[in-house]
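Please open the model in your viewer and keep the sequence panel beside it. The tour below goes from one selection to the next and says what is found at each stop.

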Amino acid sequence: MRQAVIVADAAGLAAGYALDAFLGDPRRWHPVAGFGRAAGALERRLYRPDRAAGAAFTALAVGVPVLLGAAGALATRRRPVARAVLVAAGTWTVLGGRTLRHESEMMGRALRDGDLPAARRRLNHLCGRDPSVLDEPELARATVESVAENTSDAVVAPLFWGAVAGLPGLLGYRAANTLDAMVGHRSDRYARFGTPAARLDDLLNLAPARLTGLLTVAVAPVARGDRERAWHVWRRDRNDHPSPNAGQCESAMAGALGVRLGGRNVYFGRSEVRPFLGDGPRPEARHLRRAARISGAVGRSALALAVAVAVGRAALGRAVPGPDRNGRVRGALGRAVPRPTGVEDRVRGALGRATPAGVASVRDIRAGASRVGAGRGRAA
């Protein structure tokens with residue numbers, strides 16, 4: 001039954017990915033938006049400008065979805081079909097790959113048409129930079145960087161945690177990532193309160209971001225990219241970014257597209273200067289469709305790995321048998337090997353002879369114990 005449930009997790013991940021690929025985000029009543037409203041209400045109750053309050057807020061806002069996911073997993077532990085449906089719904093809810101690719105393509109279309117006002121309006125769908133002062137190359141750069149980073153945040157990382165931890169992993173990761181977007185950025189209000197959410201998101205993305213970088217290098221040829229160049233740029237520039245994770249994704253994308261990312265980013269009320277990643281020209285509209293194609297290929301590769309991990313867990317469960325109904329462990333040939341009692345095991349070891357398990361009577365055990373005690377007395 002345990003193996004069937006794990007296979008159901010794998011089937012649910014695949015079905016949820018398919019739903020996102022064909023349908024995209026739900027147009028109304030999106031659960032992540034509902035979570036954001038609930039987290040906002042909780043923030044208003046708990047906010048204080050210190051990290052302790054931020055830690056309590058993060059623990060509650062992430063802990064509740066994890067507990068809900070664990071309750072759902074527990075309720076369906078003997079119902080594989082229901083488990084697959086639940087995991088599929090959760091996966092569809094937390095993924096955002098289709099929307100990400102759509103926004104990249106729409107931005108590319110606006111830039112190709114020379115419609116800068118439309119392009120600037122679309123940028124807010126991808127990131128929090130101030131678009132009012134950005135020209136075509138900077139709008140294209142912001143889009144490529146956002147697609148690269150969010151391929152990890154909205155696709156690879158949810159699949160990774162879904163494969164590793166099932167439904168609680170899916171919901172817990174999305175909750176933490178949403179909190180980071182809400183309170184994890186640098187500002188006067190969230191300088192301390194938002195630190196725990198930002199650190200948790202960094203921690204949860206350590207492995208997925210590096211996996212995203214490697215997969216981007218691997219799939220570079222799908223968008224006429226050079227795999228060797230992508231590998232070189234990723235290894236050289238991935239740790240130059242101030243974020244422990246964003247540089248892993250952005251450097252690989254820069255190498256795959258043959259462009260240079262980084263520079264001055266203008267946000268509302270502040271600006272940051274980022275190191276350059278990659279070699280070549282600044283991105284243009286023509287690069288956005290290629291970035292979307294790479295993002296899609298990375299997502300499909302991550303899905304294949306996630307399903308393989310889940311199925312591998314099921315295979316491992318079959319290879320390591322547990323006790324049967326009578327508490328006996330099945331041997332390698334499938335025969336039941338009686339499990340000796342602790343007292344009998346100790347007596348046999350002390351006497352130094354092999355008494356068949358389950359044969360010795362209580363009288364034999366007591367006699368053996370007396371002989372062991374006498375021997376100890378003489379030795380003393």
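## A salt-bridge network

Begin by selecting Arg129 and Glu145, whose side chains meet in a salt bridge with an N to O distance of 2.4 Å. Arg129 lies in the loop between helix 6 (116-123) and helix 7, whereas Glu145 lies in helix 7, so the pair ties together parts that are 16 residues apart in sequence. Colour the two residues by accessibility and both Arg129 and Glu145 come out as buried. Please keep in mind throughout that this is a predicted model, and that side-chain atom pairs are counted only where pLDDT is 80 or more.

Add Glu138 and Arg141 to the selection next, since Glu138 forms a salt bridge with Arg141 in which the closest N and O atoms are 2.7 Å apart. Glu138 and Arg141 are three residues apart in helix 7, which means that about one helical turn separates them. Arg141 has a relative accessible area of 1% and therefore counts as buried, the cut-off being under 20%.

Which residues are linked in the network of salt bridges? Select Arg129, Glu138, Arg141, Glu145 and Arg282 together, and you have the linked set. Side chains of opposite charge can pair when their charged atoms come close.

## From Arg282 to Val259

Keep Arg282 on display and add Val259, which is 23 residues away from Arg282 in sequence but 5.6 Å away in space, C-alpha to C-alpha. Val259 belongs to the loop between helix 11 (246-257) and strand 1 (261-267). Is Val259 buried or exposed? With a relative accessibility of 0%, Val259 counts as buried.

## Another salt bridge

Move now to Arg48 and Asp50, whose side chains meet in a salt bridge at 3.3 Å, N to O. Here Asp50 is partly exposed, at a relative accessible area of 24%, and Arg48 is likewise partly exposed, at 44%. A search of the whole structure finds 13 salt bridges, and the pair Asp50 and Arg48 is one of the places where side chains meet in this way.

## The second largest pocket

For the next stop, display the second largest pocket, which holds about 300 Å³ of space. The elements that give two or more residues to its lining are helix 2 (31-46), helix 3 (51-75), helix 4 (80-94) and helix 7 (136-183). Which element gives the most to this lining? Helix 2 does, with six residues.

The lining of the second largest pocket comprises 17 residues in total, and to find its centre you can select Pro31, Phe35, Pro65, Leu171 and Ala175, which lie nearest to that point. If you then colour the lining by class, you will see 14 nonpolar residues, two polar residues and one charged residue.

## Two stops at exposed residues

Select Leu19, Phe22 and Leu23, which make a nonpolar surface patch of about 320 Å². Of these, Phe22 has its place in helix 1 (residues 2-23), and at 66% relative accessibility Phe22 counts as exposed.

Finish at Arg224, which sits in the loop between helix 9 (206-219) and helix 10 (227-237). What is the phi of Arg224? Although Arg224 is not a glycine, its phi is positive, at about 60°. Arg224 also counts as exposed, because its relative accessibility is 62% and the cut-off for that class is over 50%.

Methods. Residues are numbered from 1 along each chain as its sequence is written. This is a predicted model: local features need pLDDT of at least 70, side-chain atom pairs count only at pLDDT 80 or more; totals for chains, interfaces and linings use all residues. Side-chain values use heavy atoms; hydrogens and water are left out. Patches are made of residues with over 30% relative accessible area and no salt bridge: like charges are joined within 9 Å, nonpolar side chains (Val, Leu, Ile, Met, Phe, Trp, Tyr) within 5 Å. Accessible areas come from the Shrake-Rupley method with a 1.4 Å probe; for residues, only the protein chains shown count as cover. A salt bridge is a side-chain nitrogen of Lys or Arg within 4 Å of a carboxyl oxygen of Asp or Glu. Helices (H or I, at least four residues) and strands (E, at least two) are DSSP runs, numbered from the N terminus. Buried means under 20% relative accessible area, exposed over 50%, partly exposed in between (1.4 Å probe, protein chains only). On a 1 Å grid over the protein atoms alone, a cavity is a set of points where a 1.4 Å probe fits but cannot get out, and a pocket is an open set with protein on both sides within 12 Å along at least five of seven lines; lining residues have an atom within 4 Å of a point. Grid points are joined across faces, edges and corners, and a volume is the space filled by probe spheres set on the points. Ala, Val, Leu, Ile, Met, Phe, Trp, Tyr, Cys and Pro count as nonpolar, Asp, Glu, Lys and Arg as charged, and the others, Gly among them, as polar.
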